[in-house]
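Please open the model in a viewer and keep the sequence at hand. The tour proceeds by selections, each followed by a description of what is found there.

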Amino acid sequence: MPKGSPERTAARKEEIISACEKLYQTMSFKDITLKEIGNETSFSRPTIYNYYQTKEEIFLALFEREYIRWNEELNSILQENEKLEKEQIADKLATSIANRQQLLKLLAMNNYDMEANSRTELLISFKVAYGESIKNVCRILTKFCPEKSVQQIQDFIYVFFPFMFGIYPYTAVTGKQREAMKEANVDFVYQSIYEITNNCLLKLL
């Protein structure tokens with residue numbers, strides 16, 4: 001780790017992550033390189049290696065930031081409401097997820113490679129943010145669905161969190177994919193992130 005104040009280190013990491021995020025809006029994971037990321041920062045590419053050793057580590061940091069931001073929304077649901085009906089819980093959770101399209105896009109990637117090519121300490125930091133999301137959803141269910149048992153809440157988690165991996169591919173459909181589905185005679189109803197998530201949540205709740 002380079003010498004410098006914690007504030008400078010945090011600022012540079014944030015700049016690297018934001019550069020990666022910007023590129024990811026128009027480029028695929030495989031096409032983004034450390035050189036490309038370096039070109040989007042205010043410092044040289046070799047400097048990046050002082051903070052991240054692989055592009056997978058940068059994507060993992062972006063992934064972690066997305067979970068942190070989702071946790072902020074989940075905490076708001078907990079803190080700003082005393083009582084919620086199941087339809088309201090589904091609505092608020094679905095809305096929070098619809099606000100996190102970047103998170104859903106990252107979930108649809110090959111996470112095995114991302115995690116395998118990141119140092120253990122960075123993987124642990126990511127897992128803390130991911131784990132906090134699970135805990136926050138458990139807290140929401142415990143607070144607003146007191147009739148649910150611990151086992152029922154656990155069952156909800158083990159259905160809903162794997163479900164999240166498939167939201168982006170089912171909702172971010174390109175014209176090419178639509179045409180292919182049409183030519184293949186696949187009768188498919190396209191839904192928004194909110195719609196597909198809300199429907200799932202209503203069934204689980």
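The stops below cover aromatic rings, charged side chains, single residues and a pair of helices.

**Aromatic pairs**

The model is a predicted one, and it holds 15 aromatic pairs. Begin by selecting F63 and F126, whose ring centres are 4.9 Å apart. Their planes stand at 35°, so the pair is classed as tilted, because a tilted pair is neither under 30 degrees nor over 60. Now display the backbone around both residues: F63 belongs to helix α4 (residues 55-80), while F126 belongs to helix α8 (residues 120-144). With these positions 63 residues apart, the pair links distant parts of the chain. Are these two residues buried or exposed? F63 has a relative accessible area of 2% and is buried; F126, at 3% relative accessibility, also counts as buried.

Next, select F156 and F160. Their ring centres lie 5.7 Å apart and their planes meet at 35°, so this pair is tilted. Both residues sit in helix α9 (residues 150-164). Being four residues apart there, F156 and F160 are separated by about one helical turn. F156 and F160 are both buried.

To see how these rings are connected, extend the selection to F63, Y67, W70, F126, Y130, F156, F160, F161 and F163. Ring pairs link these residues into a cluster.

**Charged side chains over rings**

Keep Y130 from the cluster and add K127. K127 lies over the face of Y130, at 5.6 Å from the ring centre. Then move to R12 and F43, where R12 is positioned over the face of the F43 ring, 4.7 Å from its centre.

**Three single residues**

Select C200 in helix α12 (residues 193-204). This residue counts as buried at 14% relative accessibility. Which residues does C200 touch, not counting those up to four places away in sequence? They are F160 and F163, both of which are also members of the aromatic cluster. C200 and F163 are 37 residues apart along the chain, and their C-alpha atoms are separated by 8.6 Å.

Turn to E21, which lies in helix α1 (residues 6-24). At 16% relative accessibility, E21 counts as buried, since the cut-off for that class is under 20%. Leaving aside neighbours within four places in sequence, show its contacts: E21 meets L62, R65, E66, R69 and Q102.

For the third residue, return to helix α8 and select V128. V128 is exposed, with a relative accessible area of 55%. A distance drawn from the C-alpha atom of V128 to that of Y49 gives 23 Å, for residues 79 apart along the chain.

**The contact of α5 with α12**

Finally, display helix α5 (residues 86-98) together with α12. Their axes come within 8 Å and cross at roughly 145°, and the crossing is right-handed. On the α5 side, select K86, E87, A90, D91, L93, A94, T95, I97 and A98. These meet I193, Y194, T197, N198, L201 and L202 in α12. Colouring this contact by residue class shows nine nonpolar, three polar and three charged residues.

Methods:
Residues are numbered from 1 along each chain as its sequence is written. This is a predicted model: local features need pLDDT of at least 70, side-chain atom pairs count only at pLDDT 80 or more; totals for chains, interfaces and linings use all residues. Side-chain values use heavy atoms; hydrogens and water are left out. Rings of Phe, Tyr and Trp (its six-membered ring) pair if their centres lie within 6.5 Å; planes under 30 degrees apart count as stacked, over 60 as edge-to-face and the rest as tilted. Helices (H or I, at least four residues) and strands (E, at least two) are DSSP runs, numbered from the N terminus. Buried means under 20% relative accessible area, exposed over 50%, partly exposed in between (1.4 Å probe, protein chains only). A charge sits over a ring if NZ of Lys or CZ of Arg is within 6 Å of the ring centre and within 35 degrees of the ring normal. Contact means heavy atoms within 4.5 Å. Axes are lines fitted to C-alpha atoms, for helices over the stretch in contact, and angles run from 0 to 180 degrees between N-to-C directions. A crossing is left-handed if the near helix is turned anticlockwise from the far one by less than a right angle, and right-handed if clockwise. Ala, Val, Leu, Ile, Met, Phe, Trp, Tyr, Cys and Pro count as nonpolar, Asp, Glu, Lys and Arg as charged, and the others, Gly among them, as polar.
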